[in-house]
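This report walks through the empty spaces, a metal site and one sheet of a single protein model. Please keep the sequence and the structure in view while reading.

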Amino acid sequence: MSEKLLVPDIGDFEKVEVIELLVKEGDQIKVNDPIVTIESDKSSVEIPSIISGKIESINIKVGDKVSKGDVLLHIVSENSTKKDEKIIPKDTENLIKEAEQSLKKNKEEKTTLENRIIKQEKPQIIEVVNKGDIDSLETKEWLESLSAVIERDGDDRAHHLIKELINKAYMEGVNIPYTQNTPYINTIPVNEEKKSTGDQNIERKIRSLIRWNAAAMVVRANKKFPELGGHIGTFASAATLYDVGINHFFRAKNNKFGGDLVYFQGHSAPGMYARAFLEGRLNEKQLDNFRQEVKPGGLSSYPHPWLMPNFWQFPTVSMGLGPMLAIYQARYMKYLINRGLIKDEGRKVWAFLGDGEMDEPESLGAIGLAAREKLDNLIFVVNCNLQRLDGPVRGNGKIIQELEGSFRGAGWNVIKVIWGSYWDPLLANDKTGHLIKVMNETVDGEYQAMKARDGAYVREKFFGKFQETRELVSSLSDKDIWRLNRGGHDPHKVFAAYDKATKNIGSPTVVIAKTIKGYGMGKTGESVNTTHQTKKLDIDDLMYYRDRFDVPLTDKQVRNIEYYKPDEKSTEIKYLKERRLHLGGFIPERTTFAKPIKAPSKDIFDNMKISTGEKEMSTTMALVRMLTNLLRDKDVAPRLVPIIPDEARTFGMEGFFQKIGIYAHEGQKYEPEDAAQLSSYREDKNGQVLEEGINEAGAMSSWIAAGTSYTNHDIEMIPIYLFYSMFGFQRIGDFAWAGADSQSRGFLIGATAGRTTLAGEGLQHQDGHSHLLASTIPNCVSYDPTFHYELAVIFREGLRRMHEKRENIFYYITTMNENYSHPEMPKNKNCEEGILKGMYKIKEFNKNKKTKIQFLGSGTILREMIKGAEILQNEYQIDCEIWSVTSFNELRKDGMEVERYNLLNPDKKPKKSYVEECLGKTEGPIMAASDYMRINSDQIRPYINKSFYSLGTDGFGRSDTRKNLRNFFEVDKEHIVAYGLSVLAKEQLIASKYASEAIKKYNIDGKKPMPTKL
Ligand SMILES: Cc1ncc(C[n+]2csc(CCOP(=O)(O)OP(=O)(O)O)c2C)c(N)n1
Ligand SMILES: [Mg+2]
């Protein structure tokens, strides 16, 4: 039966041009196969078929304008099933799934509840003493009732009752301030702690050796070169947190398992080196080259994959990046799983963070997303040693409670590990609740001060606050009191917390552990405000450190600050290795087994090498067209990860919503408002687009996760992050640097780029420097193309270099939103090479054969230069060669290298920079211009021995028409003509009157201040 395929609802557009026919008569097609591509002045989308069958006739051709309801094709259908009828109603499917899941969950919950009720010992009544308690007897009764409920019906019932009480109070108008906090005690009750299976004695010995070697490494390096720096205090406070993880939880990547991903806190790097030394992965010589990275074999100061590519995976030392990168890494892992690209192996992402670090807005900035996306593969461990660099993190408050509130409020599973096991009996005996009261009321400044003093001080200042607490410790000596340990230094408590964290389902977990900064460093380094920067320990401190951790070194060895490594056959080394063997291998370790992606054949970009004729389009639109083409390449299509921070419509990418879907871990639970339209907002569990919302830092973190997929997930992916160019490097510069360090591969597209192409926006939108920022990153390759074929050549080469040849570089390409027609690619065989190297001659005006000038134009301003050159030829008889400069940055890189070579080889024939090759033999002075600051084009000035002038858009942007903006910044064709004549006059190639006349003619006000001053 023959059926018509009609143009569907395409939104507000009418008479949209058909730019591509993707089928022909006689083709057999299936539902969802793309039929035609249509393009409005903003975006291009493919229309998929909703019928399967054989194409009988095609009613449209390229160039036709179509509207909703027009007939595209006649199809002889196979079974006359239309997509609309066949589609399983998504919502019903979701409902069934959800119901099934909740049934399963209920069952699980019931069993765990039963278990809990059975194993629960009689809960203790914790009475929290409160000054304002007007009837303590009544309070006691209520608390006893609650205890009875917990005992009889379990935690959930108790929770339910409390919730009901709060609701009731709220309904009665009682204004109860809401709190996300629990008392200042461990989250996991003693009776629910999972016991470690490890040998605590051996583990303590190993930990002590790691502590010693880490400190020795820093002290030795600083003895040799006092300028080198380093940190002892951070790792000293976190050693147990890492050790328990590495001995029992962090699973390495191997041929059977993808590996957990661990973000180590930057300043704790010495601890990781010290462990690798015991593991035999690093030798003494390497430890002695800590922070001496210039010669090969040195150990990098902090985790830097660029400098130690086989060891470190994640750069974290710029505080705040780690937490955000880890969140998006966990999210990206789920994305890969949901798209069926990797298996779900229950891998975890762990992130170790400092409590001071949590002040960075980025640290807490994305925790909402982690909860929303139910990232139960994510575990944060916040090391709360209560100190940052200068002093206490929250001297007057409590960082642990503050973090608990923030994370609980955001929907995380919070596990507080505050007190070590020595406190357990005291807490159990705290029948009056006074101990918890003191714990709650003592501020961090006091807690810190106590650990800088001794047991007697703690007795007086802490337990001495109440008679009840004083009595609680009356039988303890000062030494016993001093031994009361913090949770983060207690391997049992840490083990129990990690165990619980790894088993949590449905939400991310944060383990908030209390520790002591500089733990074990003695009077000069423990819990004092200067701990962070202590990098030298005197002999007494070293002796103390040795004794404190029972390191088997003689006094002489301590004086020599010798490392200690037990024999390979010792129980310690055997144990350490056995643990790692059990967990699949060493950690951290960076490897990659990803297969390259074959770059698409050149012809996939053929349609971008022909002229667009009358048709005008922006380079952003050309890019989207190109991506649409790439989605038809079977090798590339599944690997593309388009990332957009709420700007798809700005860039004309809304067609992607239907075509490849927006990733949403819960699918789409609602019918979108625009469901009937071709570009409907389609969320899908295996959607491909990462729509990040207004969140550039998050989008960049996703880009880094995808760009390092080849090493962290052993699958090469092609992230393409499109953003307003002004909200790129300027906004997320530190992330871009971390991405570079991580050796991310992929594309950053600075769309709506330039200072004058984005008309009608303004100072905060108009970018005149992103290329300069890009140029600061050594492995960033950047381009500012003008025409669609340039873009195509650059993009394909990017795919080839990064994803086929696996070079550790990334691309920054600016695209614009100014519509113009694009010429055919010049036939010159060197054109492609020139585009990639950074410049090629695009046009020549040589009618007059008298005076000549060289114009170097980039991006949108190239077009002004072409128009200016035309005026110069026709009205002033000046010839001109015009060069399209696709990348001043690339030209500069080549110039620097060649110059260096020539300086280093004074006796050899000098090499020529590519700029010199292009311009060396040309006639006339050079004038360069771009839509960026002059310094952009000035970059190549040193590499050519000719008069060189540049125009650019230095100054604050502002909103106006493109014409007015280019006039204001003096980069329009009129200024190009006037300045061009002035340059020639200055070079005494023409009389100055021509320049003066042009200045007058074009109403150029010589008295107008520099735009930088306006
Ligand atoms: C973005 C950034 N700002 C400042 C620093 C300098 N800095 C290094 S460590 C540190 C204090 C860290 O304190 P915390 O996060 O509590 O870590 P701890 O060493 O106490 O575990 C500071 C300010 C940095 N590394 N990164
Ligand atoms: Mg700290």
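The lining of the largest cavity divides into eight nonpolar residues, one polar residue and two charged residues. This is a predicted model. The largest cavity holds about 120 Å³ of space. Its lining includes the aromatic residues Trp-419, Trp-423, Tyr-447 and Phe-462. Met-450, Val-458, Ile-481 and Leu-484 also belong to the lining of the largest cavity. So do Lys-451, Asn-485 and Arg-486. Helix 15 (residues 444-452) gives the most to this lining, with three residues.

**Enclosed and open spaces**

How many cavities of 30 Å³ or more does the count give? The count comes to seven.

The second largest cavity has a volume of about 80 Å³. Two elements give two or more residues to the lining of the second largest cavity: helix 9 (321-338) and helix 25 (696-707). Helix 25 has the largest share, three residues. By class, this lining has six nonpolar, six polar and no charged residues. Among the residues that line the second largest cavity are Tyr-263, Gln-313, Phe-314 and Pro-315. Further along the chain, Ser-701, Ile-704, Ala-705 and Thr-708 line it too, as do Asn-712 and Ser-742.

The second largest pocket has a volume of about 740 Å³. Its lining counts 26 residues. Which of them lie nearest the centre of the second largest pocket? They are Arg-204, Tyr-422, Arg-483, Asn-485 and Tyr-519. Asn-485 is also listed in the lining of the largest cavity. Four helices give two or more residues to the lining of the second largest pocket: helix 5 (200-224), helix 18 (478-483), helix 19 (491-503) and helix 20 (539-548). Helix 5 gives the most, with six residues. Eight nonpolar, eight polar and ten charged residues make up the lining of this pocket.

The three spaces are set out below.

| Space | Volume | Nonpolar | Polar | Charged |
|---|---|---|---|---|
| Largest cavity | about 120 Å³ | eight residues | one residue | two residues |
| Second largest cavity | about 80 Å³ | six residues | six residues | no residues |
| Second largest pocket | about 740 Å³ | eight residues | eight residues | ten residues |

**The magnesium site**

Three residues supply the protein donors of the magnesium ion (ligand 2): Asp-355 (OD), Asn-385 (OD1) and Gln-387 (O). These donors lie 2.0 to 2.1 Å from the ion. In sequence, the donor residues are spaced D-x29-N-x1-Q. Asp-355 sits in the loop between strand 10 (349-354) and helix 10 (361-365), and Gln-387 in the loop between strand 11 (378-384) and helix 12 (399-410), so the pair ties together parts that are 32 residues apart in sequence.

Are Asp-355 and Gln-387 buried or exposed? Asp-355 is buried, with a relative accessible area of 1%. Gln-387 counts as buried as well, because its relative accessibility is 2% and the limit for buried is under 20%.

**A five-stranded sheet**

One open sheet has five strands in the order 24-26-25-27-28, with mixed pairing. Strand 24 (839-845) and strand 28 (948-951) are the edge strands, and each pairs on one side only. Neighbouring strands of this sheet are turned by 25 degrees against each other on average, direction ignored.

What is the sense of the pairing between strand 24 and strand 26 (residues 878-885)? The two pair in the antiparallel sense, over six bridges. Phe-845 has Cys-880 of strand 26 as its bridge partner.

Key:
Residues are numbered from 1 along each chain as its sequence is written. Chains are lettered from A and ligands numbered from 1 in the order in which they are written. This is a predicted model: local features need pLDDT of at least 70, side-chain atom pairs count only at pLDDT 80 or more; totals for chains, interfaces and linings use all residues. Side-chain values use heavy atoms; hydrogens and water are left out. Donors are N, O and S atoms within 2.8 Å of the metal (3.2 Å for Na, K and Ca); water is not among the atoms, so sites may look incomplete. Buried means under 20% relative accessible area, exposed over 50%, partly exposed in between (1.4 Å probe, protein chains only). On a 1 Å grid over the protein atoms alone, a cavity is a set of points where a 1.4 Å probe fits but cannot get out, and a pocket is an open set with protein on both sides within 12 Å along at least five of seven lines; lining residues have an atom within 4 Å of a point. Grid points are joined across faces, edges and corners, and a volume is the space filled by probe spheres set on the points. Ala, Val, Leu, Ile, Met, Phe, Trp, Tyr, Cys and Pro count as nonpolar, Asp, Glu, Lys and Arg as charged, and the others, Gly among them, as polar. Two strands pair if DSSP finds at least two bridges between them. Axes are lines fitted to C-alpha atoms, for helices over the stretch in contact, and angles run from 0 to 180 degrees between N-to-C directions.
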